[in-house]
Amino acid sequence: MVINKVIPNIKGTYGIQMKIKTIPFIILLLIPSFIEASTGLSIHVDRSEVSLSDTIKLTIKVSGTQSAVNPRVAGLQNFRVQSGGTSSNFSMVNGQVSSSIDQTYFLFPNKVGRFTIGPAIVNISGKTYKSNTVNITVRKKATDASQQSSQPVFLTVSLSSPKAYVGQTVFYTVKFYYNVSVRDLGIVLPEGNGFQLKQLGKPSEYSSRVRGKKYNVIEIRHALVTERTGSLSLEPTEMKMNVLERKHSRHGFSVFDNFFTSARPYSVRSKPAKLTILSLPEANRPSEFTGLVGEFAIQAQLDPTRIPSGESTTLSIKISGQGNVQLMPDITMPDIEHIKVYSDQPVISINESATGYSGEKTMKWALVPQKEGDYVIGPFALSFFSSQKGQYKTVSTPQMHLTVTPGKKVDMASLPATQDHALPQIKKEVTFFQRDILPVHDHADALNVSIYDRLTNWQQLMMIAIPPLIYLLIVLLFYRKTRLKLEKLTSKKALSHLNKALNKNANLHISEMLKFFNQFLNERLQRSGGTLTPDEAKQILISSGVDADLANNTQSIIKTLEAAVYTGQSDQDINTLKQSIEELAKKLDKGIKS
Amino acid sequence: MKRLLILYIGCLLIIIPAVVIANNGERLDAFVKANKAYSDGDYQLAINNYQSVLDTGKPTGSLYYNMGNCYYKMGDIGWAILYYERAMQYIADDPDLLFNLKLARSKVEDQVEKKSTLPIINTLKHFKLSTLFWLMMLSNIGFWGIMIIRRFHRSEWSYYSFVALGIIWVILLVSFSARYYEVHYDNRGVVVASQTIVRSGPDEKETPLFELHAGTIIACERQEGNWRLVQFTQGKRGWAKISDTIPIRIKQIRNIDT
């Protein structure tokens with residue numbers, strides 16, 4: 001969306017007519033027809049105080065619509081207006097769809113003074129919407145800026161007031177002007193005894209003209225807090241940066257010119273600043289003054305104002321204002337005859353913005369009247385020093401009336417249940433009245449020495465060592481026995497292993513038969529492994545108590561099997577061989593003596 | 001000869017328990033007297049009686065705790081903390097002891113610099129050494145028991161039991177060893193004098209470095225003459241009078257003295 005021009009319309013009002021050139025079509029498609037957000041209009045500016053050479057960024061926010069609108073903004077006759085573009089926002093959070101259009105304008109002040117911008121008026125679907133207004137103060141050109149304007153970068157600082165009362169918030173504003181490319185900015189603020197600088201909000205960026213030259217400006221606002229009085233010297237603020245310098249190629253213009261830039265470290269310093277902190281006047285100081293400086297208000301509310309005796313009502317007192325809000329005092333609730341008072345924890349909220357510290361403190365009490373009648377609650381007063389008027393002020397709430405009608409007699413023990421509806425039960429921290437030690441152990445067990453303490457180190461070591469020693473003993477005792485047992489078991493199962501192996505596969509090959517028969521011999525003879533030659537098998541069998549015929553048969557069957565494996569020819573049928581191996585194995589199993 | 005030997009052994013069997021019972025009776029008597037003195041507010045007499053109980057038998061955590069109470073009541077924070085710390089070696093989980101020790105520590109003048117220790121070490125301090133020992137023994141029996149079972153019967157359940165018991169056994173063995181080391185090789189001591197000057201050398205003429213007050217825990221190192229090399233924190237060390245600083249572990253006193 002592009003805004004083409006700004007046309008003066010009627011006196012004091014500018015109509016901003018827009019022509020939409022390009023609206024991304026996809027966004028339009030994505031916008032669902034069920035947008036439920038209500039339409040609203042608001043305006044805001046990035047700064048409320050500017051110099052004549054500065055620019056102000058004005059944003060008009062139209063929420064609840066995605067369509068183009070023509071807002072009319074009042075109070076722009078003292079500014080030159082330039083379009084800054086339009087952006088549309090669309091969001092969906094937890095099923096809630098919202099959309100808005102932000103229209104941005106840059107305002108160039110034409111004269112010095114205090115101006116009110118707004119309200120903006122817009123007509124959407126035949127309905128007229130009106131926005132808020134904003135105030136802008138335009139001052140003369142900053143002298144400190146114009147003095148240094150010959151430099152491409154310079155820094156200025158300013159105090160909101162050269163004199164302030166102790167406790168009053170003083171603004172220390174740092175402005176960094178530059179018209180060259182800079183990066184890696186770092187600020188060094190003055191440090192000193194007796195004051196602290198705290199940044200307020202985010203830095204704002206805008207452009208400004210100083211002696212006809214256009215500068216980009218970064219403005220950082222700080223709150224200066226001090227507790228001491230007298231003259232305060234603030235050292236210069238320093239801004240460190242890297243200035244980018246473009247290096248031109250030796251051969252004139254080059255497409256790579258933009259890449260040949262180098263960063264040169266550079267720093268600029270502002271002028272020092274002086275501030276006089278005045279002590280608060282002693283004259284007319286209210287007795288209940290607690291050091292609060294700024295502008296404050298106090299409000300009180302009693303709800304309900306008519307209750308039966310024994311029931312509770314809630315009294316709320318709210319202090320709000322701007323200044324040293326951290327010092328907002330707790331309001332003391334005076335004793336009221338026949339009314340029991342239960343206080344709640346105060347709730348404090350403090351906001352930090354470019355205009356300083358603001359906040360509010362809310363205190364609540366549950367009041368439980370014990371007797372019917374009319375009671376007067378308040379007034380409650382708050383004293384503070386008004387930094388604007390330079391004098392003490394006391395603000396107070398109006399008197400409140402509580403009417404208590406006769407109610408059923410309430411047992412005090414039942415009060416907490418009544419209170420539950422009004423305020424949460426307040427838990428009390430349990431604290432010591434006094435501190436002392438607990439008594440001596442005077443029971444007979446105090447003399448009993450535990451079994452562990454009776455044991456000597458050696459006895460303890462022995463107790464720890466006994467279980468592993470038992471394990472080692474068992475391992476040693478059963479090692480030989482277990483091994484022999486296992487070997488015996490294997491030799492016993494050798495015949496069944498062979499029969500299983502031979503009958504497992506119908507298409508058994510002769511090489512497998514030889515392998516299984518060798519396994520049988522090894523297992524039955526409790527040999528570790530290896531292949532026996534026919535002669536070895538005969539000798540071992542004879543030495544194992546097998547008669548010579550059976551040993552010869554074994555020798556010949558191994559020979560037959562080996563011949564069949566290595567030559568691939570056999571004069572016997574495979575089944576006949578299998579059968580004769582099984583019969584021979586049976587005889588050997590019986591014949592081999594363990 | 002044989003008869004003589006039987007007679008001798010018989011006598012021993014009768015005399016030893018009789019001596020033990022008599023000794024226990026004396027201890028109990030002194031203990032009751034000490035408790036009475038404490039309740040009457042005669043704390044010095046209570047200390048003397050508790051000390052006689054300690055001298056005639058094995059120490060217990062409760063006896064040290066009671067001694068600590070007597071010294072606390074007499075306003076002697078240094079000695080009170082010394083005895084509470086000794087009691088911690090026996091009854092580290094006793095709530096009365098923890099309460100009184102915390103209160104006594106709060107009265108120490110010197111600010112203790114926090115040491116960064118592993119969380120596991122801090123957790124172990126809450127266990128009595130005897131508790132850890134019996135837990136470790138239980139896991140020791142369990143672990144080697146399952147090892148024996150697996151020699152004869154290997155199955156899935158025995159494998160997982162072996163792994164679980166193995167992990168528990170290692171953890172408890174390491175915990176017990178760490179706590180054992182902490183208790184038996186504890187080199188901490190307590191400043192018992194109301195204030196003591198720590199000097200650069202073992203002599204009154206040496207430069208005074210800093211001052212410590214009653215109840216402050218220090219690390220005791222070697223000693224020379226009547227002086228002991230102590231360390232308060234990293235970088236704060238020097239020589240203090242032996243009489244002003246007492247090691248918590250009694251065996252350490254013997255070791256140093258010899």
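1. In chain A of this predicted model, the residue S51(A) has R139(A), which lies in strand 12 of chain A, as its bridge partner. This pair belongs to the contact between strand 4 of chain A and strand 12 (residues 134-139) of chain A, which pair in the parallel sense over three bridges.

2. Those two strands are part of an open sheet of three strands in chain A, whose order is 4-12-9 and whose pairing is mixed. Strand 4 (49-51) and strand 9 (113-117) of chain A stand at the edges and have a single partner strand each, so one side of each is left without a neighbour in the sheet. From one strand to the next, the twist averages 30°.

3. A further set of pairings in chain A is centred on strand 22 (residues 273-278), which pairs in the parallel sense with strand 14 (residues 163-165) over three bridges, and there Y165(A) stands opposite L278(A) of strand 22 of chain A. With strand 19 (residues 230-234) of chain A, by contrast, strand 22 of chain A runs antiparallel, and five bridges join the two; here L232(A) stands opposite L275(A). A student may find it useful to recall that strands of a sheet pair through backbone hydrogen bonds, either parallel or antiparallel.

4. Strand 25 (residues 313-323) of chain A deserves a careful look, since its side chains alternate along the strand. On one face, T313(A), L315(A), I317(A), I319(A), G321(A) and G323(A) are buried, whereas T314(A), S316(A), K318(A), S320(A) and Q322(A) point to the other face and are not buried.

5. Strand 25 of chain A has pairings with two strands that can be followed in the structure. With strand 23 (residues 294-303) of chain A, strand 25 of chain A pairs in the antiparallel sense over ten bridges, and G323(A) in strand 25 is the bridge partner of G294(A). With strand 28 (residues 356-369) of chain A the pairing is again antiparallel, over ten bridges, and in strand 28 of chain A the bridge partner of T314(A) is A366(A).

6. Turning to chain B, helix 3 has 13 residues and reaches 18 Å from its first C-alpha to its last, which is close to the 18 Å expected at 1.5 Å a residue. Twelve of the 13 residues of helix 3 of chain B are buried, so this helix is largely enclosed by the rest of the structure; among the buried residues are L63(B), M67(B), C70(B) and Y71(B). After helix 3 of chain B comes G75(B), whose phi is positive, near 80°.

7. Helix 3 (residues 61-73) of chain B also meets helix 5 (residues 95-106) of chain B, and their axes come within 11 Å and cross at roughly 30°, in a left-handed crossing. On the side of helix 3 of chain B the residues involved are Y65(B), G68(B), N69(B) and Y72(B), and these meet D96(B), L97(B), N100(B) and A104(B) of helix 5 of chain B. By class, this contact has four nonpolar, three polar and one charged residues.

8. Finally, where chain A touches chain B, the contact takes 23 residues from chain A and 26 residues from chain B. On the side of chain A, the elements that give two or more residues are helix 4 (451-454) and helix 5 (457-492) of chain A, and helix 5 of chain A gives the most, with ten residues. The residues on this side of chain A divide into 16 nonpolar, four polar and three charged.

Definitions and conventions. Residues are numbered from 1 along each chain as its sequence is written. Chains are lettered from A and ligands numbered from 1 in the order in which they are written. This is a predicted model: local features need pLDDT of at least 70, side-chain atom pairs count only at pLDDT 80 or more; totals for chains, interfaces and linings use all residues. Axes are lines fitted to C-alpha atoms, for helices over the stretch in contact, and angles run from 0 to 180 degrees between N-to-C directions. Helices (H or I, at least four residues) and strands (E, at least two) are DSSP runs, numbered from the N terminus. A crossing is left-handed if the near helix is turned anticlockwise from the far one by less than a right angle, and right-handed if clockwise. Two residues are in contact if their C-beta atoms, placed from the backbone, lie within 7 Å. Ala, Val, Leu, Ile, Met, Phe, Trp, Tyr, Cys and Pro count as nonpolar, Asp, Glu, Lys and Arg as charged, and the others, Gly among them, as polar. Two strands pair if DSSP finds at least two bridges between them. The expected span of a helix is 1.5 Å times one less than its number of residues. A residue is buried if 20 or more other C-beta atoms lie within 10 Å of its own, exposed if 12 or fewer, and partly exposed in between; C-beta atoms are placed from the backbone.
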